[in-house]
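This report looks at one protein, beginning with the chain as a whole and then turning to one of its sheets. Please keep the sequence and the structure in view while reading.

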Amino acid sequence: MDKLIERDRDARMTARRFTVGWVLLPIALLLLGVTGCATPQRPAEPTDLVWPLPPDPPRVKYIKSIRFRKDVEEGRSNEQVLNALLGKAENLGEMLHKPYGVHADRDGRIFVADTGWGKLVVFDYANRKFAFWGTGGPGTLAKPVGVTSDSQGRVYVSDAIAQRVVVFDRDGNFLQAMGKKGEFERPVGLVVNDQLGRLYVIDAKKHHIAVFDIADGSLIRTIGERGKEPGQFNWPTNIAIDSSGTLYVMDTMNFRVQILDPEGEVLNTFGEIGDGIGQFARPKGIAVDSEGSIYVVDAAFNNFQIFNREGELLLFVGSVGQQPGQFWLPAGAYIDAQDRIYVADQYNFRIQVFQRLTDETPATMEVESPASESEVPEEKSG
């Protein structure tokens with residue numbers, strides 16, 4: 001176990017060095033006066049990165065990456081960002097460390113369950129604020145993995161080490177914890193069904209979905225058990241929900257997606273192990289857009305694949321690397337009501353944001369950044 005921990009730490013440090021080197025080259029040139037400017041600037045985001053490539057009509061467009069405190073707050077100096085890039089201890093809190101789960105709420109906030117920090121990182125675009133939740137008191141987090149919210153603004157965070165789900169109000173104050181002794185072993189992905197008043201929590205080690213009453217935090221029932229048959233699971237990791245309450249479960253070690261109704265009845269399954277297009281090798285995150293297309297993040301392929309509900313592959317986005325639209329061990333995913341796609345890019349220390357395009361939203365149009373002040377998105381149920 002110690003060797004595994006050491007290997008993971010070495011990998012993260014190697015990733016950080018590669019990322020720092022990539023970003024610091026233009027900054028170093030600026031500092032040396034090559035451009036005649038004394039204050040370093042981050043490279044501009046690409047404005048024409050789309051999938052698939054022309055001449056096919058574009059269906060997904062890259063928007064931006066979220067990594068630093070400066071990405072949301074105004075008035076942060078370039079010197080502070082440079083110090084964070086250099087890894088100076090007093091500035092390590094300026095950036096994401098190892099993002100796993102991601103979620104966007106109707107108030108224009110992006111929540112990141114960061115397993116490296118052991119905290120929930122909050123990017124509040126509407127109020128231009130950056131914060132950590134779960135830093136002390138009864139709501140202290142150890143290893144946050146999943147995050148979601150409900151229509152009342154309550155935020156739910158699964159903690160894999162503490163074996164519980166912590167509930168905060170919209171201001172980050174602790175409300176309650178779900179998961180009495182023995183009810184969880186390793187809670188991970190979670191979603192809310194507001195209409196039914198339920199919280200669905202994936203438990204990877206128990207190989208099932210735990211269903212809780214969001215009003216009193218009591219366990220209502222569980223769905224599934226370990227196995228390979230439809231309705232059974234093998235180390236499931238993440239879950240998504242659509243506006244009708246249909247559940248989409250990433251059944252990771254069965255290398256498939258299972259689609260369930262709100263009561264847990266199987267509607268469809270698809271997927272198989274393999275290294276080909278449309279197959280799965282290390283599936284992690286899962287999300288669903290407004291048209292019902294299903295997005296599966298694969299940490300081995302370093303991309304996300306898009307399927308219809310019958311399991312037919314529509315498109316894949318990404319490859320291994322550090323440039324926009326590339327990934328290094330991606331994990332969680334979320335799609336908001338505006339069909340903005342958020343992917344946790346773990347070893348690149350960032351959240352990448354994309355926009356789903358339709359025939360009515362061509363790639364040449366100006367697509368707003370997530371949670372802009374002019375348009376705070378309506379959130380889907382869960």
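## The protein as a whole

In this predicted model, residues 24 or more positions apart account for 50% of the contacts in the protein with a separation of 6 or more. The secondary structure consists of two helices and 25 strands.

The protein has 382 residues, and 55% of them count as buried, where buried means that a residue has under 20% relative accessible area. The accessible surface of the protein comes to about 16,400 Å², and carbon and sulfur atoms contribute 51% of that area.

## An open sheet of five strands

Strands of a sheet pair through backbone hydrogen bonds, and this pairing can be either parallel or antiparallel. In this protein, five strands form an open sheet with antiparallel pairing, and their order across the sheet is β1-β2-β25-β24-β23. Which strands stand at the edges? They are β1, which covers residues 50-51, and β23, which covers residues 330-335; each has a single partner strand, so one side of each is left without a neighbour in the sheet.

## From β23 to β24

The edge strand β23 runs antiparallel to β24, which spans residues 340-345, and four bridges join the two strands. Within this pairing, A333 stands opposite V343, while I335 has I341 of β24 as its bridge partner. The two strands form a hairpin with four residues between them, and in this hairpin D339 takes a positive phi near 60°.

## The surroundings of β24

Is β24 largely enclosed or left open by the rest of the structure? Six of the six residues of β24 are buried, so this strand is largely enclosed by the rest of the structure. The cover extends to both faces of β24, since R340, Y342 and A344 are buried on one side, and I341, V343 and D345 are buried on the other. V343, the residue opposite A333, is therefore among the six buried residues of the strand.

## From β24 to β25

On its other side in the strand order, β24 is followed by β25, a strand made of residues 350-356 that runs antiparallel to β24 and is joined to it by six bridges. One of the residue pairs here places A344 of β24 opposite I351 of β25. These two strands also form a hairpin, again with four residues between them, and F349 in the turn has a positive phi of about 55°.

Key: Residues are numbered from 1 along each chain as its sequence is written. This is a predicted model: local features need pLDDT of at least 70, side-chain atom pairs count only at pLDDT 80 or more; totals for chains, interfaces and linings use all residues. Side-chain values use heavy atoms; hydrogens and water are left out. Buried means under 20% relative accessible area, exposed over 50%, partly exposed in between (1.4 Å probe, protein chains only). Contact means heavy atoms within 4.5 Å. Accessible areas come from the Shrake-Rupley method with a 1.4 Å probe; for residues, only the protein chains shown count as cover. Two strands pair if DSSP finds at least two bridges between them.
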